[in-house]
Amino acid sequence: KKADLFAKKLAKFTGIPRVTLCNSGSSANLLAMTALVDLYGTPKNSLIVTSALAFPTTVAPIIQNGMIPYFVDVDISTLNPSMTRLRELANNPKVGGIILAHTLGFPYDEKEVVKAFGEAGKWIIADCCDALGATVDGVHVGTYADAATLSFFPAHHISAGEGGAVACH
């Protein structure tokens, strides 16, 4: 009962209507990616864009799904990849999708990333494990992506000792 109540409150807080709890943020990333690879029919060995300033829990699902991580460098002042570079990659036919973390709560322009990848017919996962409560233009991170992931590990904003969530529309 408490887990269901927490999921409902989390959905209300983030503005993302469907929240499914799981055992960890790592598993949330794996669940989100596996679902989107299946939904979009992403071919094996597709390039999946992620930040060079990535977490192992963002990279592992790429490999676990038979895809190839494509690392992009970050701007040291924002800890985020360049939008110019991300737009180029969105139009690359070898790229199947993107999983990008809002690193240390420093949000990237998720709306623009979603626009670029969405227009190219590719999926987007916003890893919000470090950014619960962060916003871009007053909108919670994860709102625009196909799926947003959260972690409740002690190093994150809400600690349950363990646990994670996948949020989607």
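A search of the whole structure, which is a predicted model, turns up 1 cavity of 30 Å³ or more. The volume of this largest cavity comes to about 60 Å³. Its walls are built from Thr14, Ile16, Cys128, Ala131, Leu132, Gly133, Ala134, His140, Val141, Ala148, Leu150 and Ala167. Sorted by character, the lining of the largest cavity has 9 nonpolar residues and 3 polar ones, with no charged residue in the set.

One of the lining residues, Cys128, also comes up when the cysteines are checked for bonding. Cys128 has a relative accessible area of 1%, so it counts as buried, the cut-off being under 20%. The closest cysteine sulfur to that of Cys128 belongs to Cys129, but it sits 7.5 Å away, and a disulfide would need the two sulfurs within 2.5 Å, so this pair is too far apart for a bond. The structure as a whole holds 0 disulfides. Cys22 is likewise in no disulfide, and here too the nearest cysteine sulfur is that of Cys129, at 8.8 Å.

As for the overall fold, the chain carries 5 helices and 9 strands. Going along the sequence, these elements come in the order α-β-α-β-α-β-α-β-α-β-β-β-β-β, so to speak a run of alternation that ends in a row of strands. The C-alpha trace spans about 45 × 35 × 25 Å along its principal axes. The radius of gyration is 15 Å, and because a compact globule of 169 residues would come out near 15 Å, the chain agrees with that expectation. Of those 169 residues, 47% count as buried.

Turning to aromatic contacts, the structure holds 1 aromatic pair. The partners are Phe6 and Phe152, whose ring centres are 5.2 Å apart and whose planes make an angle of 75°, an edge-to-face arrangement. This pair ties together distant parts of the chain, with the two positions 146 residues apart in numbering: Phe6 belongs to helix 1 (residues 2–14), while Phe152 lies in the loop between strand 8 (147–151) and strand 9 (164–168). The two rings also fare differently in terms of solvent. Phe152 has 3% relative accessibility and therefore counts as buried, whereas Phe6, at 28%, counts as partly exposed.

Just past helix 1, Gly15 is placed in the loop that leads from helix 1 to strand 1 (18–22). Gly15 has 48% relative accessibility, and because exposed means over 50%, it still counts as partly exposed. Another residue in that class is Val139, with a relative accessible area of 24%; Val139 is found in strand 7 (residues 139–140). In sequence Val139 and Gly15 are 124 residues apart, yet in space their C-alpha atoms are separated by 8.4 Å. For Gly15 and Ile99, the separation along the chain is 84 residues, and the C-alpha atoms are 20 Å apart.

Note on methods. Residues are numbered from 1 along each chain as its sequence is written. This is a predicted model: local features need pLDDT of at least 70, side-chain atom pairs count only at pLDDT 80 or more; totals for chains, interfaces and linings use all residues. Side-chain values use heavy atoms; hydrogens and water are left out. Rings of Phe, Tyr and Trp (its six-membered ring) pair if their centres lie within 6.5 Å; planes under 30 degrees apart count as stacked, over 60 as edge-to-face and the rest as tilted. Helices (H or I, at least four residues) and strands (E, at least two) are DSSP runs, numbered from the N terminus. Buried means under 20% relative accessible area, exposed over 50%, partly exposed in between (1.4 Å probe, protein chains only). On a 1 Å grid over the protein atoms alone, a cavity is a set of points where a 1.4 Å probe fits but cannot get out, and a pocket is an open set with protein on both sides within 12 Å along at least five of seven lines; lining residues have an atom within 4 Å of a point. Grid points are joined across faces, edges and corners, and a volume is the space filled by probe spheres set on the points. Ala, Val, Leu, Ile, Met, Phe, Trp, Tyr, Cys and Pro count as nonpolar, Asp, Glu, Lys and Arg as charged, and the others, Gly among them, as polar. The radius of gyration is taken over C-alpha atoms; the globule rule is 2.2 Å times the number of residues to the power 0.38.
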